[in-house]
Amino acid sequence: MVLGSMAPRRRWLLLGLTALAVVALIAAGTVVITRLTGDDKPGGAPVAGSPTPSPIGTPTPSPSGPPPGADITGPLNLLLVGVDTRVSVPGWEPHSDAVLVLHVPKGLDRAYLFSLPRDLVVDIPAFPKAGYKGGKTKLTHAMSFGSRVPGKPKQPSTAQGYELLRSTVSGYTGLRIDAGAVLTFTGFDRLVNALGGVDIYVDQRVESLHRRPDGKYRESAPGGYKGPQQVYEKGDRHLNGWQALDYARQRYITGGDYARQRHQQQLIRAMTRKILDEGLARQPERVDQVVSALGDTLVYVGGRRIVDIAYALSGLPENRFTLVGLPGSGVGKGSAYRGEQLTSEGRKFLTELRAGRADAYLTAHPKLVVKS
């Protein structure tokens, strides 16, 4: 079977709308598909905990038999993570600043993407591999606690941190996580630049906490930062790599972290439109450029090969992909802030999602659906 014959628009729309890390999955998956790649490893599964992306592969004839991913019927859950890693700081532990889950029900005929607040208060299970005994704290810490390698304090493992985050998310949502990807902020910056920037509708005025108008970082000062700020005014804007990343990171704005989650999802939607408009899926050389730009800033953790997942989901109708915003509120006593919790409306969505009644629930609660 010629894998490159798969309808590129549907393939890109499905994986393109997922989130920071999933866009990288698209790039890698498309290279695999358009090159007719094979995989000689038993089962085609990447090694758990591998610190590098799954191999892209080289052009080889496709063997006869069923197409890759033909046995995947759903449900399927992907965990997509945007990580704050400061490679210039020795021993810096990765923190998950963007945590998104893509749920595809049995039949693979629809999909739902939702974010979990980075400060969501959750039960993080014990993780002996990292020497963590378990506790109740913010979701973002799961990645950090899990990344610790005993005896190697200055060599945290992002892939190992993902393992604990995956267990934590699975325990909270009740969803089995089948595969996932971690993309660092540096990788996201490179990805947007490789695409030539992105056009997005900025839905509210956003002042940057971190960047100056020239893109340089603002100077740190007691209690925060000082100096001129980059400002994203409401309206249609074209953003380059550092601007897109900076815009998607801001949470000290009206709406807080929930507004940031919305902006991340809208940004990925805009990136997908860019990909579709350029017909990138039909240009293997351009996808090669994107993948090369990512380098080791992408960690794919599976599960099944990227090509299997991409092919299995290729038939998803364009109008059956839904972005969901889960409302929440602060947790604490008085001025002692502990983190966030989902409202009963948000938690109920997870219950209905697991029961296969998500569409009916969203129809009754239309405000949960994220618009462009």
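**View A. The buried histidine, His 263, in a predicted model.** His 263 counts as buried because its relative accessibility is 0%, where buried stands for under 20%; the model shown here and in the views below is a predicted one. His 263 is found in helix 7, which covers residues 256–278. Leaving aside residues up to four places away in sequence, His 263 touches Asp 203, Gln 204, Val 206, Tyr 247 and Ile 253.

**View B. Strand 7 and its partner, strand 12.** Along strand 7, residues 198–202, the side chains alternate, with Val 198, Ile 200 and Val 202 pointing to one face and buried, whereas Asp 199 and Tyr 201 point to the other and are not buried. Strand 7 pairs with strand 12, residues 235–239, in the antiparallel sense over 5 bridges, and within strand 12 it is His 238 that serves as the bridge partner of Asp 199.

**View C. The largest nonpolar core.** This core has 36 residues, and those with the most contacts inside it are Leu 79, Phe 114, Val 169 and Phe 349. Among the elements that give two or more residues to this core are strand 1 (76–84), strand 2 (95–104), helix 4 (158–173) and helix 10 (344–354), and the largest share, 4 residues, comes from helix 4.

**View D. Leu 79 and its contacts.** When residues up to four places away in sequence are not counted, Leu 79 touches, among others, Val 99, Leu 100, Val 101, Tyr 162, Leu 165 and Val 169.

**View E. Another core.** Apart from the largest core lies another, of 21 residues, including Leu 183, Ile 200, Ala 259 and Ala 270.

How values were computed:
Residues are numbered from 1 along each chain as its sequence is written. This is a predicted model: local features need pLDDT of at least 70, side-chain atom pairs count only at pLDDT 80 or more; totals for chains, interfaces and linings use all residues. Side-chain values use heavy atoms; hydrogens and water are left out. Buried means under 20% relative accessible area, exposed over 50%, partly exposed in between (1.4 Å probe, protein chains only). Two strands pair if DSSP finds at least two bridges between them. A nonpolar core is a set of buried Ala, Val, Leu, Ile, Met, Phe, Trp, Tyr and Cys residues joined through side-chain atoms within 4.5 Å. Contact means heavy atoms within 4.5 Å.
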